[in-house]
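Reader: I have a structure open and some labels that I do not yet understand. Could you go through them with me?

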Amino acid sequence: MVRIGIVGTNYISEWFLAATKRTGGKVDPVAVYSRTQERADEFAQQQDIPLAFSDYGQMIEAVDAVYIASPTSAHRLQALQAIESGKHVLVEKTMGASLAEEQEIFQAAKSRGLIAMEAMRHLHTPHQQIIRDALTKIGAIRYAQVQMLQYSGRYDKFREGEILNAFRPELGNAAIVDIGVYSLEFALDLFGEPESFTGAGVFLSNGFEGSGTIQFTYDSMIADVSYSKIVQGVNPTAIHGEDGTLTVNYIGEPSRIELHRRDRTEVLLDLASADSSGELKRPGVSGQFIQAPPAHQSDQMHHELLTFAAAIESGTIDPRWEKITLAARGIMDRQLSVG
């Protein structure tokens with residue numbers, strides 16, 4: 001069992017706590033940290049967490065590992081402090097505010113024989129494995145259109161003239177960082193790092209990057225990776241091979257995956273009609289091809305926790321996760337620098 005402490009008391013931390021209950025006791029949330037003791041105590045009482053701290057150093061000493069769900073700008077220092085104290089770290093996406101920050105976190109963990117991992121939930125799910133396996137059935141892949149287009153509820157305020165934190169460029173939560181990371185890491189997981197890439201972004205009146213697209217070029221294929229916080233997508237992600245096309249309705253948490261051959265269509269995942277009580281069931285999810293924020297992220301979040309716990313137990317982690325994290329952050333940095 002990994003005794004883990006939580007940094008942050010927002011809704012993401014609530015999802016995380018729900019996810020720990022699905023790990024079969026492998027991850028036990030025993031402490032929470034907040035900047036004020038009052039808020040730490042309140043959250044601990046609400047979520048039935050034994051220990052509450054407003055001193056980060058004290059919380060670190062009480063746990064085996066730390067889950068960091070604070071704003072991205074705080075990730076580096078909090079991760080490094082935990083690592084220096086001999087604790088493993090699971091850091092919410094994106095792991096750092098720059099490629100250099102992420103490299104520093106990974107190197108610090110390696111130097112002390114610890115596990116550092118980015119919390120990128122969709123890459124660790126059975127759904128993603130279904131997609132990986134299906135790629136072998138569509139022949140040589142020639143073109144992919146990967147989409148994560150999500151209209152932020154806070155954008156209405158921006159359009160009315162009020163700029164909330166979700167749309168302040170100085171906070172480092174541009175669309176590519178907040179939403180685009182899902183598209184980027186999905187593509188990097190399936191296709192690897194591109195030989196080259198070019199991109200363009202849509203910037204709002206205050207300089208905030210609200211939407212964008214990046215084209216990955218490989219030796220024998222092209223992938224267009226799109227993301228947004230200011231428009232809502234209605235089309236599925238589509239991966240086109242010479243022998244068929246794979247469609248995924250929402251890459252963050254798929255509820256429908258289809259394999260389209262020339263003469264027939266095979267449904268590989270349909271949560272709307274699932275009638276078992278297994279991991280792939282989630283009642284009430286539409287099977288339509290429409291991108292929408294998932295209703296219950298914690299339904300799939302526990303898979304990343306199981307990967308993290310297994311890495312701690314074995315003392316090693318698949319290097320592909322670090323490689324994907326760093327590749328995505330490097331692309332983000334370059335995309336934002338162009339803007």
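What follows is a set of questions about labels, each answered from a value and a cut-off.

Author: One remark before we begin: this is a predicted model.

Reader: How many helices and strands are there in the chain?

Author: The chain has ten helices and 14 strands.

Reader: What makes the chain as compact as a globular protein of that length?

Author: The globule rule gives 20 Å for 339 residues, and the radius of gyration of the chain is 20 Å, close to that value, so the chain is as compact as a globular protein of that length. The C-alpha atoms fill a box of roughly 60 × 50 × 40 Å along the principal axes. Of the 339 residues, 53% count as buried.

Reader: Why is I60 called buried?

Author: Buried means under 20% relative accessible area. I60 has 0% relative accessibility, so I60 counts as buried. This residue belongs to helix 3, residues 56–61. Leaving out residues up to four places away in sequence, I60 touches V66, Q81, A82, S85 and K87. I60 and I6 are 54 residues apart along the chain, and their C-alpha atoms are separated by 9.6 Å.

Reader: Why does V231 count as partly exposed?

Author: Partly exposed lies between the cut-offs of 20% and 50%. V231 has 39% relative accessibility, so V231 counts as partly exposed. V231 is placed in the loop between strand 10 (222–228) and strand 11 (237–241). With residues up to four places away in sequence not counted, V231 touches L149, Q150 and Y151. From V231 to I105 the C-alpha distance is 34 Å, with their positions 126 residues apart in sequence.

Reader: How do you know that strand 1 and strand 2 pair?

Author: At least two bridges are needed for two strands to pair. Six bridges join strand 1 (residues 2–7) to strand 2 (residues 27–33), and the two run parallel. One of the facing pairs is I6 opposite V32. Another bridge partner in strand 2 is V27, which goes with V2. Between the two strands the chain passes through helix 1, and this β-α-β crossover is right-handed.

Reader: Which other strand is joined to strand 1, and by how many bridges?

Author: Strand 4 (residues 65–68) is joined to strand 1 by four bridges, again against a requirement of at least two. These strands run parallel. Here I6 stands opposite Y67.

Reader: What makes strand 1 mostly covered?

Author: Five of the six residues of strand 1 are buried. Strand 2 is mostly covered as well, with six of its seven residues buried.

Reader: How many bridges join strand 2 to strand 3?

Author: There are three bridges from strand 2 to strand 3 (residues 51–53), and these strands run parallel. A31 has L51 in strand 3 as its bridge partner. Strand 2, helix 2 (residues 37–47) and strand 3 form a right-handed β-α-β unit.

Reader: How many aromatic pairs are counted?

Author: Rings pair if their centres lie within 6.5 Å. By this rule the count is eleven aromatic pairs.

Reader: Why is the pair of Y11 and W15 called edge-to-face?

Author: Planes over 60 degrees apart count as edge-to-face. The centres of the Y11 and W15 rings are 4.8 Å apart and their planes are at 70°, so the pair is edge-to-face. Y11 and W15 both lie in helix 1 (residues 11–20), four residues apart, about one turn of the helix. Y11 is partly exposed at 43% relative accessible area, and W15 is partly exposed at 27%.

Reader: What makes Y151 and Y155 an edge-to-face pair?

Author: Their ring centres are 5.6 Å apart, with 75° between the planes, and the pair is edge-to-face. At 24% relative accessibility Y151 counts as partly exposed, while Y155, at 12%, counts as buried. Ring pairs link Y151, Y155, F158, F167 and F208 into a cluster.

Reader: How do you know that the charged end of K229 sits over the ring of F167?

Author: A charge over a ring must be within 6 Å of the ring centre and within 35 degrees of the ring normal. The charged end of K229 is 5.1 Å from the centre of the F167 ring and sits over that ring. R320 lies over the face of W321, at 4.6 Å from the ring centre.

Definitions and conventions
Residues are numbered from 1 along each chain as its sequence is written. This is a predicted model: local features need pLDDT of at least 70, side-chain atom pairs count only at pLDDT 80 or more; totals for chains, interfaces and linings use all residues. Side-chain values use heavy atoms; hydrogens and water are left out. Rings of Phe, Tyr and Trp (its six-membered ring) pair if their centres lie within 6.5 Å; planes under 30 degrees apart count as stacked, over 60 as edge-to-face and the rest as tilted. Buried means under 20% relative accessible area, exposed over 50%, partly exposed in between (1.4 Å probe, protein chains only). A crossover is right-handed if, with the strands pointing away from the viewer, the path from the first strand over the helix to the second runs clockwise. The radius of gyration is taken over C-alpha atoms; the globule rule is 2.2 Å times the number of residues to the power 0.38. Contact means heavy atoms within 4.5 Å.
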